[in-house]
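Got your viewer open? Load the model below and follow along, selecting as you go.

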Amino acid sequence: MQEPPAGLDKLDGRGLSSSKSPLGLDKAPGLDKLDHRDKLDHRDKLDHRAAFGLALPDYPWDAMAPYQQIAAAHPDGVVNLSIGTPVDPTPTLIQQALVAAADAPGYPTTHGTPELRRAIVDWFARRRNVTCLDPAQVMPTVGSKELVAWLPLLLGLGAGDVVVRPTVAYPTYDIGATLAGATSVAADSLDELDDETRARVRLVWVNSPGNPTGIVRDVAQLRQLVDQARELGAVVASDECYAELGWGRWDVEEGGTPVPSVLDPRVCGGSAANLLAVYSLSKQSNVAGYRAAFVAGDAAIMANLVNSRKHAGMIVPHPVQEAMRVALGDDAHVRDQKSRYRVRRAKLVAALEGYGLAIHHSEAGLYLWCTAGQDTWHTIERLARLGIVAGPGVFYGDAGSGYVRIALTATDDRIDAAVRRLAAEARA
Ligand SMILES: Cc1ncc(COP(=O)(O)O)c(C=O)c1O
């Protein structure tokens with residue numbers, strides 16, 4: 001990933017620590033102090049890392065602090081559209097299921113209760129056109145981020161092995177490769193790799209609908225990827241956590257086509273061999289705080305994953321398993337939540353385009369992938385001056401340069417505030 005302006009050294013040259021921003025506006029008060037303190041923190045972290053710990057990059061979102069500070073100074077309050085964290089209430093029926101299972105003195109099952117596994121299999125059949133799964137081939141995970149981060153290690157990958165991830169991607173795919181000591185390679189097709197690299201590919205991440213771009217891979221594209229990976233003897237792990245949030249031609253409720261799963265028979269030929277589908281309830285059911293997700297696929301790989309995760313204690317708490325079971329059986333709350341996002345999305349699309357941002361891809365999911373044709377940080381600062389915090393495209397790989405990511409995950413009130421500010425700026 002391209003270095004964010006972490007350590008804030010880069011920011012010094014970008015206007016935040018100089019007296020004028022790229023827009024020529026006065027800098028926010030107190031930023032000198034903040035830069036100094038963050039630089040010290042950064043050195044502390046480096047020292048600590050040298051003594052103990054893993055050589056993982058600093059968490060990039062720390063670099064957003066100065067822009068958050070600018071946005072927070074807006075007289076009508078900040079609108080944070082930078083992180084895809086749900087803000088609407090967890091549906092009552094899911095809360096009730098959690099509470100009803102609160103008496104849980106014994107250890108939970110790693111593989112998932114039979115009832116939960118049945119609910120996952122039924123959900124795949126009902127919502128994703130996936131019929132090749134036996135309940136043995138599914139397992140709950142502690143949110144999908146942990147599975148993404150640990151999968152390469154759990155698959156036994158290590159030095160010399162290549163993990164392929166999309167060119168603009170959720171950063172945890174890289175972290176997973178690093179944790180395993182494998183090499184992460186950014187590519188959107190295996191055709192982009194040279195022969196030597198191709199021969200070392202052991203795992204291919206596909207993320208459709210993609211975060212942050214909202215790109216959706218159709219059946220033919222997924223099928224080609226699966227065929228090529230199988231030829232190489234590699235695993236395809238498909239992170240599909242935004243699949244229920246399709247827009248336009250992918251919006252099922254508006255007459256569109258469902259976003260295909262890697263386990264759809266038209267993609268996989270009816271066999272889950274070499275394939276894993278990763279799914280999360282965080283977004284569709286507003287349960288990011290529960291850590292509720294699951295993985296499904298290749299029978300032999302799943303049996304191995306279940307065994308390893310038993311040893312490692314990677315277990316979803318029983319009340320959460322029960323909440324998941326109930327959530328997966330109810331499509332109405334997913335439809336209601338999606339309707340909320342559809343309205344917010346339409347408002348934001350109009351306001352952002354009116355303001356001068358072009359929106360690329362964004363066919364599904366919770367984000368608008370936008371560019372003003374300018375440096376990412378310049379756009380981030382312009383929006384921060386309107387009290388709007390956006391996500392920097394460069395956090396998702398070098399190919400995200402020039403882009404910002406706008407999340408739909410804010411309350412109606414905050415979305416309306418952002419829309420008013422963008423519209424006023426467009427008129428000015
Ligand atoms: C592409 C992608 N995968 C996985 C996750 C992790 O989701 P969770 O850990 O909440 O299940 C996210 C969260 O934003 C994501 O965008």
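**Stop one: a strand and its neighbours**

Start by selecting β7 and strand β8 (residues 293–297): they run antiparallel, joined by 5 bridges. Keep in mind that this is a predicted model. To see one rung of that pairing, pick Ala 277, whose bridge partner in β8 is Ala 296.

Now add strand β6 (residues 235–239), which pairs with β7 in the parallel sense over 4 bridges. Here, click on Val 236 and you'll find it standing opposite Leu 275 of β7.

Hide the neighbours for a second and show side chains on β7 alone. Which residues point which way? Leu 275, Ala 277 and Tyr 279 go one way, while Leu 276, Val 278 and Ser 280 go the other, and all are buried. With 6 of the 6 residues of β7 (residues 275–280) buried, the strand is largely enclosed by the rest of the structure.

**Stop two: the ligand**

Hang on to Ser 280, because you need it again: Ser 280 is among the closest residues to the ligand, along with Gly 143, Ser 144, Lys 145 and Ser 282. In total, 14 residues surround the ligand.

Colour that shell by class and you get 5 nonpolar, 7 polar and 2 charged residues. Next, select helix α6 (residues 143–154), which supplies the largest share of the shell, 4 residues.

**Stop three: a helix under cover**

From α6, move on to helix α7 (residues 172–180). Here 7 of the 9 residues are buried, so the helix is largely enclosed by the rest of the structure. Select Thr 172, Tyr 173, Asp 174, Ile 175, Gly 176, Ala 177 and Ala 180 to light up the buried ones.

What covers them? Bring α6 back, then add β3 (162–165), β4 (183–186) and β5 (201–207): these are included in the cover over the buried residues of α7. Before leaving, check the backbone just after α7, where Gly 181 takes a positive phi of about 80°.

**Last stop: the core**

Where should you click to land in the largest nonpolar core? Try Val 204, Leu 263 and Ala 323, the residues with the most contacts inside this core of 123 residues. Colour by domain too: the core draws at least three residues from each of domain 1 (6–87 + 334–427) and domain 2 (92–329).

Finish by zooming in on Val 204. Leaving out residues up to four places away in sequence, Val 204 touches Val 164, Leu 190, Leu 225, Ala 229, Ala 234 and Val 236. That last contact takes you back to the first stop, with Val 236 opposite Leu 275 in β7.

Methods
Residues numbered from 1 in each chain as written. Predicted model: local features only at pLDDT ≥ 70, side-chain atom pairs only at ≥ 80, totals over all residues. Near = placed C-beta within 6 Å. Helix = DSSP H or I, 4+ residues; strand = E, 2+ residues; numbered from the N terminus. Nonpolar A, V, L, I, M, F, W, Y, C, P; charged D, E, K, R; others polar. Buried ≥ 20, exposed ≤ 12 C-beta atoms within 10 Å, placed from the backbone. Pairing = 2+ DSSP bridges. Core = buried A, V, L, I, M, F, W, Y, C linked by C-beta atoms within 7 Å. Domains from an automatic or database assignment. Contact = placed C-beta atoms within 7 Å.
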